[in-house]
Structure formats: C-alpha cells, structure tokens
Amino acid sequence: PDFTYVWETSRFDPITHEAAMAIHFRFPDKSRIKNAFTYGWRLWSIPELVDALHDAGFSSVKIWWAEVDRTGEESYEYLETTHAEQCAMWNCYVVAAP
C-alpha cells in the first residue's frame, strides 16, 4: 500500500485491562490522518480466552504463535505452542474446535 499505518495504545489499565486504541495513517507526501479509527475495549489475556472457549464447550483450543527473527521482525510463520518468550511485540491466533 501507499501508506503506513500506526497502531497506538493510548490508554491501558493493567488492573481492569480496559484499553483505548487508535489507528493513524502516514502517507509518502508526509501528510497523515490521526485517529482514523479509535477503539475502546477490554483486552482479554490468552489464558482467559482459552478458559472461556473451554467453558463455551470447545474441546480443543490451540495457540498459534508468530515466529520472530533475530531482528525482531515477524516471519508470518505461525507455530502451535503452549509457551512463548517475553518480547516487545507478538501476534498469535487462538483457535478452537468442537
């Protein structure tokens, strides 16, 4: 695309996990759109999602974690895992099946 998007966490409460997020756009001509999209929600932890899916009746819940190379860039290759290392940024899928 001919733009860069910036994802900002403008507010996060570590006790309630309530968060405010925004997406901004930057263009090659140096113009930008601030707060193109804004969101407010409760950020659920992975263990909370896994528990909720099991409580909802899903028998199989798996975590697929994005690999990160030595420079910190995502490879967009996802591997099934049950543990991950601390990192500044991460991406995963929580996948459930009956």
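What percentage of the 98 residues in the chain do buried residues make up? I looked this up before anything else and found 14%, where buried means under 20% relative accessible area, exposed over 50% and partly exposed in between, with a 1.4 Å probe and protein chains only.

**Entry 1: ground rules.** I note that this is a predicted model, in which local features need pLDDT of at least 70 and side-chain atom pairs count only at pLDDT 80 or more, while totals for chains, interfaces and linings use all residues. Residues are numbered from 1 along each chain as its sequence is written, and side-chain values use heavy atoms, with hydrogens and water left out.

**Entry 2: the chain as a whole.** I counted one helix and six strands, taking both as DSSP runs numbered from the N terminus, with helices (H or I) of at least four residues and strands (E) of at least two. Read along the sequence, their order is β-β-β-α-β-β-β. The radius of gyration is 17 Å, well over the 13 Å that the globule rule gives for 98 residues, so the chain is more spread out than a compact globule; the radius is taken over C-alpha atoms, and the rule is 2.2 Å times the number of residues to the power 0.38. Along its principal axes, the C-alpha trace spans about 50 × 35 × 25 Å.

I then turned to contacts, meaning heavy atoms within 4.5 Å, and found that residues 24 or more positions apart account for 33% of those with a separation of 6 or more. The accessible surface, from the Shrake-Rupley method with a 1.4 Å probe, comes to about 7,800 Å², and 56% of it belongs to carbon and sulfur atoms.

**Entry 3: strand E2 and its partners.** Why do I describe strand E2 (residues 18-26) as largely enclosed by the rest of the structure? Seven of its nine residues are buried, so the description follows from that count. Strand E1 (residues 4-12) pairs with E2 in the antiparallel sense over eight bridges, pairing being accepted if DSSP finds at least two bridges between two strands. Within this pair, I see Thr9 standing opposite Met21 in E2. E2 also pairs with strand E3 (residues 32-42), again in the antiparallel sense and over eight bridges, and here the bridge partner of Ala20 is Gly40 in E3.

**Entry 4: the two hairpin loops.** Which residue takes a positive phi in the hairpin of E1 and E2? I found His17, in a hairpin with five residues between the strands; its phi is about 65 degrees although His17 is not a glycine. At 22% relative accessibility, His17 counts as partly exposed. The hairpin of E2 and E3 also has five residues between the strands, and in the loop between them lies Lys30, whose phi near 80 degrees is a positive value in a residue other than glycine. Lys30 counts as exposed, at 74% relative accessibility.

**Entry 5: Phe12.** I closed with Phe12, which is found in strand E1 and is partly exposed, with a relative accessible area of 36%. Not counting residues up to four places away in sequence, Phe12 touches His17, Glu18, Ala19 and Leu43, so that I meet the loop residue His17 here again as one of its contacts. Phe12 and Trp41 are 29 residues apart in sequence, yet I read 9.8 Å between them in space, C-alpha to C-alpha.
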